[in-house]
Amino acid sequence: MKSSSATQVSSELFRYLVDKMSDPILLMGEGGKILYMNPAMENLSGKRGDQLVGKGCRDLFGAENDGATCAFEDFSDGTQERFAARSTLRLQNGDEIPVEMCLVRVPPEIVGRPMVFGTIRDLSTVIEQEGRRRQYEGILTRSGAMQHVFDLIEAIADTDVSVLIQGESGTGKELVARAVHKRSLRKDGPFHAVNCGALTLELLDSEIFGHEKGAFTGAVRRKPGRLELAAGGALFLDEIGDMPAALQVKMLRVLQERKFERVGGIETLDMDARVIAATNVDLESAVRAGRFRQDLYFRLNVVPIQLPPLRARPEDIELIANHFLAIFSSRSSRGTRRFAPETLRVLLTNSWPGNVRELINAVEYAVAVSPGELILPQDLPERILGESLPGLTTQTAHRDPAPEIQSEKKQRILAALVQNSYNRDAAAQALGISRTTLWRRMKKHGLA
């Protein structure tokens, strides 16, 4: 048994360590009476620990008027060694925030008396961070690389610099461009997009800069261009690498002088739009090859944002697939769908050359062709099957369908069994058949 002096040393050491910890920590004695709060806890609650010593936990957690039971109160008088609970912490200004508590019983020989040791987490911050981790301005992700992109967007939110977004087709460059705009000082202004690779030189010139009446055949009236319409907001130039050389010269002048004229016009207009550009080609290589002006590249590339391909962020595949599965299922009259485990494995092992856009199309296709609740690998597009499941290629599509149908039925039964840990009642319910029918089909396909 420890001496009183040893207990005192342990208590002082315990208090010293608690003071140095960054987690908000609360010490409470019998009956839920507050004994001590460390500095981190004082910072979180906005209350001084010495003012709450001897008071009940309800004074801190704000539960005195609603009849709620304070988790510390229950735990401090029991015998349980560890307990997790959620409550509401009342701040000094009267606001309340949700918190998560981890409560641990501290033996008397350490601190000299029975005590509850609790770490507190501000769930409002955690929830906000988790929401941002999973979705940012409509972009779904768990990827650390994408989080770096979001951090960069936040870092330039109060600036008006040009941004160049580079990434493969289907990686979501326009979504990122819109996120840049929505987080900017111009967020209340318009956002206009132009695809520089979809129009001829003449049409693209008119689309960006506008034209005067009679500027060319068919110009029967004055038309403002996207650059003019984007005043106070942002102009998004998609596929900037495909912009014709003649327009590259005009765009360079606009970025340098912040002025432009409509096609066929003589009036000089002020430019009041932020330029955000995007491309799926390597502009540095295009500059070296003489296909893109170096001076324009430097003007556009003030803040570069490089988007990773989907194959470099596999942690996002299931998240995105399930998100759009829910969306497309809600539009279908066949009810809720879910992926079989082997289907998810196919999705996770695919290289996705078309990136997020290709994944979304694959999910939409699977929902359209799948006859049941469970989506199997065979319900995915043939190209994906050909890459991920060599035995299920386009060659099998033209054979006698009977063996394929039997194989598919076997796969559905097996998937239902695996999904439900071989619980036949649950598997039969998932398949929409009776347990007897399931047993009969299992025997037919050699699964019983």
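These legends describe close-up views of a predicted model.

**View 1. Helix 10 packs against helix 12.** Helix 10 covers residues 201-209, and helix 12 covers residues 245-257. Their axes lie 10 Å apart and meet at an angle of about 15°. Angles under 35 degrees count as roughly parallel, so helix 10 and helix 12 are roughly parallel to each other. Helix 10 passes helix 12 in a right-handed crossing. Helix 10 makes the contact through Leu201, Leu204, Asp205, Ile208 and Phe209. Helix 12 answers with Ala246, Leu247, Lys250, Met251 and Val254.

**View 2. Helix 20 packs against helix 21.** Helix 20 spans residues 424-431, and helix 21 spans residues 435-444. The angle between them is about 95°, and their axes are 9 Å apart. Angles of 65 to 115 degrees count as roughly perpendicular, so helix 20 and helix 21 are roughly perpendicular to each other. From helix 20, the contact uses Arg424, Asp425, Ala427, Ala428 and Leu431. From helix 21, it uses Arg435, Leu438, Trp439 and Met442.

**View 3. Helix 15 and its buried residues.** Helix 15 holds 14 residues, 317-330. How far apart are its end C-alpha atoms? They are 20 Å apart. That agrees with the span of 20 Å expected at 1.5 Å a residue. Several residues of the helix are buried. They are Ile317, Leu319, Ile320, Ala321, Phe324, Leu325, Phe328 and Ser329. An α-helix has 3.6 residues a turn, so residues three or four places apart point the same way.

**View 4. A salt bridge between Arg183 and Glu137.** The structure holds 21 salt bridges, and this is one of them. The closest N and O atoms are 3.0 Å apart. The pair links distant parts of the chain, 46 residues apart. Arg183 sits in the loop between helix 9 (173-182) and strand 9 (191-195). Glu137 sits in the loop between strand 6 (135-136) and strand 7 (139-140). Arg183 is partly exposed, at 33% relative accessible area. Glu137 is also partly exposed, at 27%.

**View 5. A salt bridge between Arg311 and Glu168.** Here the closest N and O atoms are 2.5 Å apart. Arg311 lies in the loop between strand 16 (303-306) and helix 15. Glu168 lies in the loop between strand 8 (163-166) and helix 9. The pair therefore ties together parts that are 143 residues apart in sequence. Arg311 has a relative accessible area of 43% and is partly exposed. Glu168 is partly exposed too, with 28%.

**View 6. A salt bridge between Arg262 and Glu228.** The closest N and O atoms of this pair are 3.0 Å apart. Arg262 is in the loop between strand 13 (259-261) and strand 14 (268-270). Glu228 is in helix 11 (residues 226-229). The two residues are 34 residues apart, and they link distant parts of the chain. Is Arg262 buried or exposed? Arg262 counts as buried, because its relative accessibility of 8% is under 20%. Glu228 has 25% and counts as partly exposed. Both residues belong to a network of salt bridges. Its other members are Glu212, Arg222 and Glu267.

**View 7. Arg258, a residue with a positive phi.** Arg258 is not a glycine, yet its phi is positive, at about 60°. Arg258 lies in the loop between helix 12 and strand 13. Its relative accessible area is 33%, so Arg258 is partly exposed.

**View 8. Asn355, a residue with a positive phi.** Asn355 is not a glycine either, and its phi is about 60°. Where is Asn355 placed? Asn355 is in helix 17 (residues 355-369). Its relative accessibility is 0%, so Asn355 counts as buried.

**View 9. Val106 and Leu27.** Val106 is in strand 4 (residues 96-106). Val106 is buried, with a relative accessible area of 6%. Leu27 is 79 residues away from Val106 along the chain. In space, the C-alpha atoms of Val106 and Leu27 are separated by 9.4 Å.

Conventions. Residues numbered from 1 in each chain as written. Predicted model: local features only at pLDDT ≥ 70, side-chain atom pairs only at ≥ 80, totals over all residues. Heavy atoms only, no water. Helix = DSSP H or I, 4+ residues; strand = E, 2+ residues; numbered from the N terminus. Expected span 1.5 Å × (residues − 1). Buried < 20%, exposed > 50% of the residue type's maximum accessible area, 1.4 Å probe, protein only. Salt bridge = Lys/Arg side-chain N within 4 Å of Asp/Glu carboxyl O. Axes fitted to C-alpha atoms, helices over the stretch in contact; angles between N-to-C directions. Parallel < 35°, antiparallel > 145°, perpendicular 65-115°, else oblique. Left-handed = near helix turned anticlockwise from the far one by under 90°. Contact = heavy atoms within 4.5 Å.
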